[in-house]
Amino acid sequence: ARLGQARIHVMRNEYWKTISIYEDVLKHKNFDGEPYYNDVSFAFQKQTYHYAREWFVRGDLDHAYFYFRKIVNFFPNTRFGEAALYHIGEIFMKRKLWPSAIRYFDLVLKNDDNSKNDAAQLQKGIAYYHCNQPGEALRNLELVRQYYRNSPYYSQAIQWIKVIERDLLYK
């Protein structure tokens, strides 16, 4: 019955209500192993991510953080968990909270899913640059250059490396 209510809320674009129902169902200790567990866990991750991403794009970082954290709390080692960790790191970058951003990008890099590793490595290098740690910044950006040649972030890493090297030359 609860899952039927969730479907109704999805059709009404009431994602927060749907997410709340899925969260309650997933918290129930006897639900793990039930026939619908995989479907509910995937729907929870997908809809929560979609909703968090909408808040993120709109610039409401508090709501985005709240919903990304829900994914991380339940499913940190999935594709959606990896993306949520990455976006939380981005939120801290936007707030100029560099050490917190680095911590979340480290979590992305240690996660079982590798879909955001190239982006996290780049952002980690940029965060170190803003922390006035050019050596760590270069080390992280060099990892992008070395291991992610086919990544869309490769050229950005090269540009940042040049900026940092130029800064070091003129200091």
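Visitor: How many salt bridges does a search of the whole structure find?
Guide: Five turn up in the whole structure, where a salt bridge is a side-chain nitrogen of Lys or Arg within 4 Å of a carboxyl oxygen of Asp or Glu. Keep in mind that this is a predicted model, where local features need pLDDT of at least 70 and side-chain atom pairs count only at pLDDT 80 or more, while totals for chains, interfaces and linings use all residues. Residues are numbered from 1 along each chain as its sequence is written, and side-chain values use heavy atoms, with hydrogens and water left out.

Visitor: Ok, which residue does Arg95 bridge to?
Guide: Arg95 forms a salt bridge with Asp62, and their closest N and O atoms are 2.4 Å apart.

Visitor: And where do those two sit in the chain?
Guide: Arg95 is in the loop between helix 5 and helix 6 (98-110), and Asp62 is in helix 4, so to speak a link between distant parts of the chain, 33 residues apart. Helices here are DSSP runs (H or I, at least four residues), as strands are (E, at least two), numbered from the N terminus.

Visitor: Is Asp62 buried or exposed?
Guide: Asp62 is exposed, at a relative accessible area of 54%, while Arg95 counts as partly exposed at 34%. The cut-offs are under 20% relative accessible area for buried, over 50% for exposed and partly exposed in between, with a 1.4 Å probe and protein chains only.

Visitor: What about Glu136, which residue does its side chain meet in a salt bridge?
Guide: That's Arg139, at 3.2 Å from N to O. Both lie in helix 8 (residues 134-147), three residues apart, which is about one turn of the helix. Glu136 is partly exposed at 28% relative accessibility, and Arg139 is partly exposed at 42%.

Visitor: And how far apart are N and O for Arg145 and Glu142?
Guide: Their salt bridge comes in at 2.5 Å. Arg145 and Glu142 are three residues apart in helix 8, so about one helical turn separates them. As for the spacing, an α-helix has 3.6 residues a turn, so residues three or four places apart point the same way.

Visitor: Switching to Glu90: which side chain of opposite charge is nearest to it?
Guide: Arg53, but at 5.1 Å, and Glu90 is buried yet has no salt bridge. For charge, Lys and Arg count as positive and Asp and Glu as negative, with His and the chain ends not counted.

Visitor: So what is Glu90 in contact with, leaving aside neighbours within four places in sequence?
Guide: Phe56 and Phe105, where contact means heavy atoms within 4.5 Å. Glu90 itself lies in helix 5 (residues 79-94).

Visitor: Speaking of rings, how many aromatic pairs are there in the whole structure?
Guide: The search finds 14. Rings of Phe, Tyr and Trp (its six-membered ring) pair if their centres lie within 6.5 Å; planes under 30 degrees apart are stacked, over 60 edge-to-face and the rest tilted. Take Phe44 and Phe75: their ring centres are 6.2 Å apart and their planes are at 55 degrees, so the pair is tilted. This pair links distant parts of the chain, with Phe44 in helix 3 (residues 37-58) and Phe75 in the loop between helix 4 (61-74) and helix 5, 31 residues apart.

Visitor: What's the relative accessible area of Phe44?
Guide: It's 0%, so Phe44 is buried. Phe75 also counts as buried, at 11% relative accessibility.

Visitor: Which residues do ring pairs link into a cluster?
Guide: Phe42, Tyr49, Phe56, Phe68 and Phe80. Phe80 also has the charged end of Arg79 sitting over its ring, 4.7 Å from the centre. That call needs NZ of Lys or CZ of Arg within 6 Å of the ring centre and within 35 degrees of the ring normal. Arg58 lies over the face of Trp55 too, at 5.3 Å from the ring centre.

Visitor: Last one, how many helices and strands does the protein chain have?
Guide: Nine helices and zero strands. Of its 171 residues, 46% count as buried, and the C-alpha trace spans about 65 × 30 × 25 Å along its principal axes.
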